[in-house]
Amino acid sequence: MADDYLVRIGKLIRDARQHRGWTQTQLADALATSQSAVNRIERGNQNISLEMIARIGEALDSEIVSLGYAGPMHLRVVGGRRLSGAIDVKTSKNACVALLCGSLLNKGRTVLRRVARIEEVYRLLEVLNSIGVRTRWINDGKDLEIAPGADVDMAAIDASAARRTRSIIMFLGPLLHRLDNFKLPYAGGCDLGTRTIEPHMIALRRFGLDITATEGLYHAQVERGAAPDRPIVLTERGDTVTENALLAAARSDGVTVIRNASSNYMVQDLCFFLEALGVRVDGVGTTTLTVHGVPDIDVDVDYSPSEDPVEAMSLLAAAVVTESELTIRRVPVEFMEIELAVLEEMGLDHDRSAEYAADNGRTRLVDLTVRPSKLEAPIDKIHPMPFPGLNIDNVPFFAAIAAVAQGQTLIHDWVYDNRAIYLTDLNRLGGRLQLLDPHRVLVEGPTRWRAAEMMCPPALRPAVVVLLGMMAAEGTSVLRNVYVINRGYEELAERLNSVGAQIEIFRDI
């Protein structure tokens, strides 16, 4: 690239950075690079790739910098390769986004360790920054520091970023303690069908929150002094519903009892975080949570979220479908015990290390080694249940696993309206999946995988399932527009490549 172009691009980057109100250090933190590197780029003294220009454009949310942006990200997969070695499970995506929302409870400094650097987190950070919360990546980009200001300016909210994540709904619980009225954009995220927020409202009304919805916005009004006078019974045992109730109860003066609560991994991590803030939570890991609220929270807190059981299941499924021997380290085994029991019955050859504690000191981890196995279809159907049942988000991976097993497997994904439909995308890769109705898929194995070029499904877990099928298929496949995968996985392609996969990231020119 000629020097004059480097200078012109550097000026565009500098102007976009200044327009956003960022320092060079803040941009460097977002890119996991150094301030001096950003300085050289802005002065036109450093060669810069289209990929880096695209990353800068995404970080700054700047159409000007995106002159060099080459469009959506795609993956080119050379399949039929065996994986080997060991790979670590990253921290939980769903815990990290809950903790980002939970940081709004605290007037002090919150440091979250090893935060997943994924698009879902980036969108929430954009929202937090837009309303006046200061955030920065520290310790070479591994950890995240959050410093909420005395006030939040909801009128300045980045509505575009907010609409791209369903996690924004968890702002309701903490914000009802800070504002008498505010507006929040409709939540977005994966295309999984209709999902009502009424269970959230049933719980949060008890804390004085009233919501009306008009023109793409939730209009929130808070009645000060309202508090639950009897236990809150959640009408669905949902993860985000439970988290919203916890966030509301955390700063409610008095004791709040939440019944029919989820006890899933991200809820437990949020409970442990609240305890670090000084909020006592009894019953963690059960369906009845008792929260001893603290009306004012102003502490400096340092917390390490645990590892992601859904990512662990993704990596396990990658080993199974590629017939590989792979060690998956830092697996949160207590949130995968049903999955492993089902896989044992199917004939999975594996072993696990002794248990050890995650960095939060509470979650139990193991190292899991998976070996090539002759799998048989399970006798019973695969279906999710609230924890401690088979995890809802792990169900799609059984479609890929069942595709390499001998026999027929019935998968009943009863939670979401549309997700089971996307699993039939495996048929493009040689799979034999029959959609019985919007919730049930019959999988016939074993599969003779074949390469294909296709668009990424608009739902996170089915998208990764398609990627796994491509890894199993001999030849070269292309998966187009993989933003949805980047919402939930940090550098998944690069990490799979580190254990033997051959996945190339590219953009259209």
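In this predicted model, Arg440 and Asp437 form a salt bridge in which the closest N and O atoms lie 2.7 Å apart. Arg440 counts as partly exposed because its relative accessibility is 30%, and Asp437, at 25% relative accessibility, is likewise classed as partly exposed. Elsewhere, salt bridges with shared partners join Arg114, Glu307, Arg330 and Asp359 into one network. The count of salt bridges in the model comes to 33.

Another of these pairs is formed by Asp351 and Arg371, whose closest N and O atoms are 3.1 Å apart. Asp351 belongs to strand 15 (residues 349-352) and Arg371 to strand 17 (residues 364-371), so this salt bridge ties together parts that are 20 residues apart in sequence. Asp351 has a relative accessibility of 35% and therefore counts as partly exposed, while Arg371 is partly exposed with a relative accessible area of 21%.

A salt bridge also links Arg280 with Asp282, with a separation of 3.1 Å between the closest N and O atoms. Arg280 has a relative accessible area of 49%, which places this residue in the partly exposed class, and Asp282, at 27% relative accessibility, is counted as partly exposed too.

Turning from charged pairs to nonpolar side chains, one finds a surface patch made up of Met385, Trp414 and Val415, which together have about 260 Å² of accessible area. Within this patch, Trp414 is situated in the loop that runs between strand 18 (407-412) and helix 15 (419-423), and the relative accessibility of Trp414 is 37%, so this residue counts as partly exposed.

Technical notes:
Residues are numbered from 1 along each chain as its sequence is written. This is a predicted model: local features need pLDDT of at least 70, side-chain atom pairs count only at pLDDT 80 or more; totals for chains, interfaces and linings use all residues. Side-chain values use heavy atoms; hydrogens and water are left out. Patches are made of residues with over 30% relative accessible area and no salt bridge: like charges are joined within 9 Å, nonpolar side chains (Val, Leu, Ile, Met, Phe, Trp, Tyr) within 5 Å. Accessible areas come from the Shrake-Rupley method with a 1.4 Å probe; for residues, only the protein chains shown count as cover. A salt bridge is a side-chain nitrogen of Lys or Arg within 4 Å of a carboxyl oxygen of Asp or Glu. Helices (H or I, at least four residues) and strands (E, at least two) are DSSP runs, numbered from the N terminus. Buried means under 20% relative accessible area, exposed over 50%, partly exposed in between (1.4 Å probe, protein chains only).
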